[in-house]
Amino acid sequence: MQFIKSELRKIVDDSTTSRGRVFGTVIQILILVSMFSFAVETYPDNSAHTLLVLHVIDAVCLCVFMFEYLARIYVAEEKINYIFSFFGIIDLMAILPFFLVSAIDLRVLRIFRFFIIFRAFKLIRYNRAFHRIHLAARIVKEEITLFFIITMIFVFLSAAGIHYFEYEAQPEVFKSVFHSMWWSIVTLTTVGYGDVYPITMGGKIFTFFVLIIGVAIITIPAGLVASALSRAREIEDEERKRHREIVYQHFKDKEEEDESIQ
């Protein structure tokens with residue numbers, strides 16, 4: 001059983017082996033095929049034959065994804081950690097619609113079918129660039145969390161400020177702080193849809209300062225992510241270097257062992 005587990009791990013969880021690379025490529029192709037199939041299925045005038053073909057494709061993809069999910073649980077050293085990890089949850093969400101469809105009312109079927117889009121996130125595991133982004137997100141997680149907390153504070157303060165300046169002039173638009181939050185969000189993100197805007201002088205001056213803060217809010221996360229991606233690349237280079245050293249040492253030890261036997 002240990003041999004089977006070891007060999008299965010080389011297939012589903014080791015992209016350095018030829019079998020692991022083939023398996024990863026197959027999974028990536030099936031992800032793209034299943035996403036394309038899902039998009040085609042949304043056409044309103046599909047024939048019965050087309051729907052049958054799409055269902056067969058989805059069933060094949062589902063079987064492979066289910067095998068992958070169960071295999072990863074089987075080979076995982078810490079099974080609970082994998083099940084509740086980011087990739088574990090994504091793998092589960094990719095096959096969840098099949099189990100939900102048989103147990104729910106058909107009227108809400110389309111909602112759960114939408115879960116199929118989670119299969120796209122499975123590509124992150126098999127793409128080095130996506131993996132680097134995932135690693136960067138882990139590096140900068142605390143800073144991003146703090147940034148969003150500060151952003152929410154600014155949203156509330158700007159909503160309260162514009163409500164103070166504009167309530168008397170536009171009581172229907174800025175009737176409360178909560179009603180003013182839509183303006184606050186679109187202004188701080190510098191989108192400015194134009195559906196809600198100040199008309200008083202105080203409101204316009206206040207909006208100017210909110211826009212200045214909004215520019216800073218847009219640039220801060222970009223700098224954090226760029227720095228984290230740079231660090232993630234360094235970590236990957238260190239891991240690859242360490243892996244090469246381990247492989248080299250393994251072959252060197254094997255050669256020395258063969259020479260000692262001779």
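V75 has its place in helix α3, and that is a good spot to start a tour of this predicted model. The protein contains eleven helices and zero strands, so the walk from the N terminus reads α-α-α-α-α-α-α-α-α-α-α. Here is what stands out, grouped by topic.

**V75 and its surroundings**

- V75 has a relative accessible area of 2%, and because buried means under 20%, V75 counts as buried.
- Setting aside residues up to four places away in sequence, V75 touches K5, L8, R9 and V12.
- K5 lies 70 residues from V75 in sequence, yet their C-alpha atoms are 5.9 Å apart in space.

**Helix α3 itself**

- Helix α3 covers residues 48-75.
- With 28 residues at 1.5 Å a residue, α3 should span 40 Å, and its end C-alpha atoms are indeed 40 Å apart, which agrees.
- The buried residues of α3 include L54, D58, C61, L62, F65 and E68.
- Further along α3, Y69, A71, R72, I73 and V75 are buried as well.

**I95, a residue that meets α3**

- I95 is found in helix α5, which takes in residues 86-101.
- A relative accessibility of 3% puts I95 under the 20% cut-off, so I95 is buried.
- Beyond its neighbours within four places in sequence, I95 is in contact with L62, F65, M66 and Y69.
- Among these partners, L62, F65 and Y69 are themselves buried residues of α3.
- The C-alpha atoms of I95 and V64 are separated by 9.8 Å, with their positions 31 residues apart along the chain.

**Helix α2 and its packing on α3**

- Two packed helices are described by the angle between their axes and the distance between the axes.
- For helix α2 (residues 18-41) and α3, the axes come within 10 Å and cross at roughly 145°.
- This crossing of α2 and α3 is left-handed.
- From α2, the residues F23, I27, L30, I31, V33, S34, S37, V40 and E41 take part.
- On the α3 side they meet L51, L54, H55, I57, C61, V64, F65, F67 and E68.
- Sorted by class, the contact of α2 with α3 has 13 nonpolar, three polar and two charged residues.
- As for the length of α2, its 24 residues at 1.5 Å a residue should span 34 Å, and the end C-alpha atoms are 34 Å apart, which agrees.
- Buried positions in α2 are G20, F23, G24, I27, L30, I31, S34, S37, F38 and V40.

**Helices α9 and α10**

- The axes of helix α9 (residues 141-166) and helix α10 (residues 177-188) come within 8 Å and cross at roughly 115°.
- The crossing of α9 and α10 is right-handed.
- Helix α9 brings F154, V155, F156, S158, A159, A160, I162 and H163 to the contact.
- Helix α10 contributes V177, S180, M181, W183, S184, I185 and L188.
- By class, the contact of α9 with α10 has eleven nonpolar, four polar and no charged residues.

**The protein as a whole**

- Of the 262 residues in the protein, 32% are buried.
- The accessible surface of the protein comes to about 17400 Å², and carbon and sulfur atoms account for 68% of that area.
- Taking contacts between residues at least 6 apart in sequence, 65% join residues at least 24 apart.

Key. Residues numbered from 1 in each chain as written. Predicted model: local features only at pLDDT ≥ 70, side-chain atom pairs only at ≥ 80, totals over all residues. Heavy atoms only, no water. Helix = DSSP H or I, 4+ residues; strand = E, 2+ residues; numbered from the N terminus. Expected span 1.5 Å × (residues − 1). Buried < 20%, exposed > 50% of the residue type's maximum accessible area, 1.4 Å probe, protein only. Contact = heavy atoms within 4.5 Å. Areas by Shrake-Rupley, 256 points an atom, 1.4 Å probe, with all protein chains shown as cover. Axes fitted to C-alpha atoms, helices over the stretch in contact; angles between N-to-C directions. Left-handed = near helix turned anticlockwise from the far one by under 90°. Nonpolar A, V, L, I, M, F, W, Y, C, P; charged D, E, K, R; others polar.
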